[in-house]
Amino acid sequence: MTPAKTCFLLFVFAAGAVARDVPAVIVFGDSSVDAGNNNGISTLLKSNFRPYGRDFYGGFPTGRFSNGRIPPDIISEAFGLRPFVPAYLDPIYNISDFAHGVCFASAGTGFDNATSSVLNVIPLWKEVEYFKEYATKLQSYLGGEKAAAIISKSLYVISLGTNDFLENYYSLPSTQAKYTIQQYQDFIAGLAENFVKNIYNLGARKMSFTGLPPMGCLPLERTANYFNGAGTGCKESYNKVALDFNAKLGVMVKRLNAELPGARIVFSNPYYIFKSIIRKPDIYGLEVASVACCSTGMFEMGYLCSELNPLTCSDANKYVFWDSFHPSERTSQIIVDHLLKTTLKEFLL
């Protein structure tokens with residue numbers, strides 16, 4: 001480690017000395033928060049190659065679907081912890097690292113087990129099994145009392161659901177034949193509630209539950225809109241589903257806070273701030289919102305996001321989106337900064 005990097009990390013830990021009762025950030029979810037767990041599994045949905053990670057520390061592609069850091073990394077640093085949250089399945093880390101934060105997320109997954117099967121990724125129930133395994137290792141490493149304190153005092157970041165709609169419901173005729181879109185929203189909301197109760201029973205108390213973004217404005221969906229003859233704007237029917245589903249999540253969070261003793265759950269809704277960035281990127285110091293930085297920016301992500309494509313932008317900080325599905329690090333920073341001033345402020349006090 002370079003002297004500059006060492007000084008930076010010492011500064012981060014010194015900042016964390018200010019009393020904040022959050023010893024770790026623990027992450028469940030999909031590609032919006034996956035730090036690289038898909039690297040070691042048999043799936044096509046990976047990002048452990050450049051240009052992914054080109055703006056991460058050392059320009060290293062970790063498996064994050066970004067040019068740099070993703071929201072849990074930024075949140076962790078804001079709480080005085082490390083400036084990144086490592087992936088549980090990354091072999092270079094062990095329980096001494098995970099005691100300060102750990103990510104169980106898997107790109108492509110959802111609340112519905114059928115969603116994870118689409119691209120052969122880690123289902124949410126398996127993420128929970130990894131969490132149980134982690135808790136056992138933590139107990140062996142620190143002892144029962146310290147381990148229990150970390151489990152109960154950590155901030156749990158939960159971010160998934162988009163794939164359930166875009167990769168499952170709207171892509172699989174079998175799902176559409178089984179549910180109306182309203183019925184499917186209720187089904188996914190029920191699974192989300194069961195998940196929260198499950199990790200609550202395993203010791204989680206402080207949770208940030210992330211809603212759906214304006215998924216009709218993702219470059220991938222705007223491209224599909226264009227080729228379907230509907231223009232280059234956002235697919236507003238998808239955005240309406242996101243808004244409707246987020247409303248259900250908001251009600252759920254309020255109810256669970258009342259039902260679960262000691263629970264402190266916040267609904268960190270990214271929809272409105274994300275939509276604002278997309279509508280008026282210049283206000284936030286960005287320039288391009290209609291296409292992504294990587295390759296043509298219209299449909300590429302994963303292996304289609306190529307470093308060799310001459311159309312890949314040179315400065316991702318000018319773009320709202322890094323690839324056709326995921327925000328740039330700069331956009332993630334703007335969104336997290338907003339959440340830290342609103343919902344996440346609950347845990348900084």
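**Exercise 1. A salt bridge at Glu-346**

Is Glu-346 buried, partly exposed or exposed? Classify the residue, then describe its salt bridge and the accessibility of its partner.

*Solution.* The model considered here is predicted.

Step 1. The relative accessible area of Glu-346 is 35%. Buried means under 20% and exposed means over 50%, so Glu-346 is partly exposed.

Step 2. The partner of Glu-346 in a salt bridge is Arg-264, and the closest N and O atoms are 3.1 Å apart.

Step 3. Glu-346 belongs to helix α14 (residues 345-348), while Arg-264 belongs to strand β5 (residues 264-268). The pair links distant parts of the chain, 82 residues apart.

Step 4. Arg-264 has a relative accessible area of 31% and is therefore partly exposed.

**Exercise 2. Further salt bridges**

How many salt bridges does the count come to? Describe the pairs Lys-153 with Asp-21 and Lys-248 with Asp-186, and name the members of a network.

*Solution.*

Step 1. The count comes to 15 salt bridges.

Step 2. In one of them, the side chains of Lys-153 and Asp-21 meet at 3.8 Å, N to O. Lys-153 is in helix α6 (residues 144-153), and Asp-21 is in the loop between α1 (3-15) and β1 (25-29). This pair links distant parts of the chain, with the two positions 132 residues apart in numbering.

Step 3. Lys-153 has 34% relative accessibility and so counts as partly exposed. Asp-21, at 44%, also counts as partly exposed.

Step 4. Lys-248 and Asp-186 form a salt bridge through their side chains at 2.8 Å, N to O. Because Lys-248 lies in helix α11 (residues 236-259) and Asp-186 in helix α9, the pair ties together parts that are 62 residues apart in sequence.

Step 5. Lys-248 counts as partly exposed at 31% relative accessibility, and Asp-186 counts as partly exposed at 45%.

Step 6. A network of salt bridges links Glu-193, Lys-197, Arg-255 and Glu-259.

**Exercise 3. A charged residue without a salt bridge**

Where does Asp-112 lie? State whether the residue has a salt bridge, and identify a polar contact of its side chain.

*Solution.*

Step 1. Asp-112 is found in the loop between β2 (101-103) and α4 (113-118).

Step 2. Asp-112 is buried. The nearest side chain of opposite charge, that of Lys-178, is 7.4 Å away.

Step 3. A salt bridge requires a nitrogen and an oxygen within 4 Å. Asp-112 has no salt bridge.

Step 4. The side chain of Asp-112 does have a polar contact of 3.2 Å with the side chain of Asn-168.

**Exercise 4. The cavities**

How many cavities of 30 Å³ or more does the structure hold? Describe the volume and lining of each.

*Solution.*

Step 1. There are two cavities of 30 Å³ or more.

Step 2. The largest cavity has a volume of about 490 Å³. Its lining comprises 33 residues, of which Ser-32, Pro-71, Ser-159, Thr-210 and Pro-327 are the closest to the centre.

Step 3. Two or more lining residues come from each of α2 (71-78), β3 (155-159), α7 (162-169), β4 (206-210) and α13 (329-341). Of these elements, α13 gives the most, with four residues.

Step 4. By class, the lining of the largest cavity has 19 nonpolar, 12 polar and two charged residues.

Step 5. The second largest cavity holds about 60 Å³ of space. Among the residues that line this cavity are Ser-31, Leu-45, Glu-167 and His-326. Its lining has five nonpolar, four polar and one charged residues.

**Exercise 5. The pockets**

Which residues lie closest to the centre of the largest pocket? Give the volume of this pocket, then treat the second largest pocket.

*Solution.*

Step 1. The largest pocket contains about 270 Å³ of space. It is lined by 16 residues, and those closest to the centre are Phe-60, Thr-62, Asp-90, Ile-92 and Tyr-93.

Step 2. The lining of the largest pocket has 11 nonpolar, two polar and three charged residues.

Step 3. The volume of the second largest pocket is about 160 Å³. Its lining includes Phe-111, Trp-125, Leu-191 and Asn-198.

Step 4. The elements that give two or more residues to this lining are α5 (124-142) and α9 (181-201). The largest contribution, four residues, comes from α9.

Step 5. By class, the lining of the second largest pocket has six nonpolar, three polar and no charged residues.

Technical notes. Residues are numbered from 1 along each chain as its sequence is written. This is a predicted model: local features need pLDDT of at least 70, side-chain atom pairs count only at pLDDT 80 or more; totals for chains, interfaces and linings use all residues. Side-chain values use heavy atoms; hydrogens and water are left out. On a 1 Å grid over the protein atoms alone, a cavity is a set of points where a 1.4 Å probe fits but cannot get out, and a pocket is an open set with protein on both sides within 12 Å along at least five of seven lines; lining residues have an atom within 4 Å of a point. Grid points are joined across faces, edges and corners, and a volume is the space filled by probe spheres set on the points. Ala, Val, Leu, Ile, Met, Phe, Trp, Tyr, Cys and Pro count as nonpolar, Asp, Glu, Lys and Arg as charged, and the others, Gly among them, as polar. Buried means under 20% relative accessible area, exposed over 50%, partly exposed in between (1.4 Å probe, protein chains only). Lys and Arg count as positive and Asp and Glu as negative; His and the chain ends are not counted. A polar contact is a pair of N or O atoms within 3.5 Å; within protein, one must be able to donate a hydrogen and the other to accept it, and residues adjacent in sequence count only if both atoms are side-chain atoms.
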